[in-house]
Amino acid sequence: TGKVTLDPGFTNTASCESGITYIDGGEGILRYRGYPIDQLAENSTFLEVAYLLIHGELPSADELDAFVTRVNRHTLVHEDFRTFMGTFPRNAHPMAVMASAINALSTFYPESLDPFDDETVELASVLLLAKTRTITSYVHRRSIGEPLLYPDYSRGYVDDFLRMSFAQPYMPYEADPIVVDALDTLLILHADHEQNCSTSTVRMVGSAHANLYASVAAGINALSGPLHGGANEAVLSMLTELKKSGDDVDTYMTRVKNKEAGVRLMGFGHRVYKNYDPRAAIVKKKAYAVLDALGARDELLDIALRLEEIALNDEYFIERKLYPNVDFYTGLIYKAMGFSPAMFTPLFALGRMPGWIAQWREMMKDPSTKIGRPRQVYTGATERSYVPVGNR
Ligand code: CMC
């Protein structure tokens, strides 16, 4: 069966060809469909970026309007789905509830499962973008024991997401425009990142011709890990722990550098970026803007800044080219907005949805796609004879 090359963690193996996202890790460059991330973050909106990633081109005004209207119209979930969401224990981790809910979408929308019919795939894509927004706000509301609110079609995607997350029933609600803008930007920054762990999972599951919901639900589970999307929650626990224990930051850094079991500088390092993560630079600016606008100056930001300063000047981090990644500062913004740390990774998932959809669709259309089936290098016993239990 030919020679097999061992490549743990796929550090040097491309699993596919893709025309969606370009990263130059050495230079700290990230582009979606050729457009630099800073231009999109500054000028675009999350749904426009979703359209760009999925369809390959920026939409015309009419195309964008039709897309936004279609997503908006699908934001309401079935009443039985609301009941289903209510059946999880109150203290369940939001990421587990979210993955279950996304998986369950296939049972509520069986007309949207055919992976090879273009219109059906477009419907499933729109349904996912629309329902994930509602699901994310429900996951948040359930975690704080508040009633689930219905969508308001007259509002924008992010604006209404914030209302559904934070408004009191029957009470007027206006989100601070700076907060709406910051969350829109964060979603754009998370929208795709080529063949990371969760996206590769989505492709792997989809390569068996599993439907889009099943594939994306698998991606959400991959994202939950602390080395991946779960890092944003882990950063906040690290900062909170440092504040609580009064541990000085230098002592913590020594433990990191001594590689004490389980002690890493969370939010630092990246498989591909060997330079400042361009997303982290944008997030850092937004963190200042949001904390200032909300008057929520946070001691944790000072701890984060101090950690970053030490790391960027320390031999250990310089030598290994470890820089802040996208997760280092996002949690501070989400916290200032009013989300609990357990909600940070679901927010990442909400942002990553267009990327998973675009990558899955690209793969399904690619004639060179085969079922994902890595090989192995066997290291177990050579042939031996079975010994009956009484003789062992
Ligand atoms: N703190 C301390 N040391 C680190 C860190 C860190 N955060 N990250 C990497 N290193 C060290 C690592 O110990 C190794 O040292 P040595 O060469 O002496 O063995 C070297 O740097 C290379 O690290 P690696 O673990 O081989 O690198 P990787 O490409 O396999 O892992 C990573 C990448 C992101 C999993 C890792 O950097 C990490 O665990 N970072 C902390 C978790 C984190 O912030 N994850 C978010 C990633 S970005 C967005 C996302 O995917 O969600």
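A residue counts as near a molecule when its C-beta atom, placed from the backbone, lies within 6 Å of that molecule. With that in mind, let me begin at the ligand of this predicted model, where 20 residues form the surroundings and the closest are Ala231, Arg264, Gly269, Arg271 and Asn325. Sorted by class, this shell holds eight nonpolar, eight polar and four charged residues, with Ala, Val, Leu, Ile, Met, Phe, Trp, Tyr, Cys and Pro taken as nonpolar, Asp, Glu, Lys and Arg as charged, and the others, Gly among them, as polar.

A word on conventions: residues are numbered from 1 along each chain as its sequence is written. Local features need pLDDT of at least 70 and side-chain atom pairs count only at pLDDT 80 or more, whereas totals for chains, interfaces and linings use all residues.

Turning to Leu53, its contacts (C-beta atoms, placed from the backbone, within 7 Å) include Ile20, Tyr32 and Arg33, and also Pro354, Gly355 and Ala358, leaving aside residues up to four places away in sequence.

Tyr32 also leads us to an open sheet of three strands, ordered E1-E2-E3 with antiparallel pairing, where strands are DSSP runs of at least two residues, numbered from the N terminus, and two strands pair if DSSP finds at least two bridges between them. Strands E1 (21–24) and E3 (35–36) are the edges, each pairing on one side only. Between E1 and strand E2, residues 29–32, the antiparallel pairing runs over four bridges, and Thr21 stands opposite Tyr32 in E2.

Terms used. Contact = placed C-beta atoms within 7 Å.
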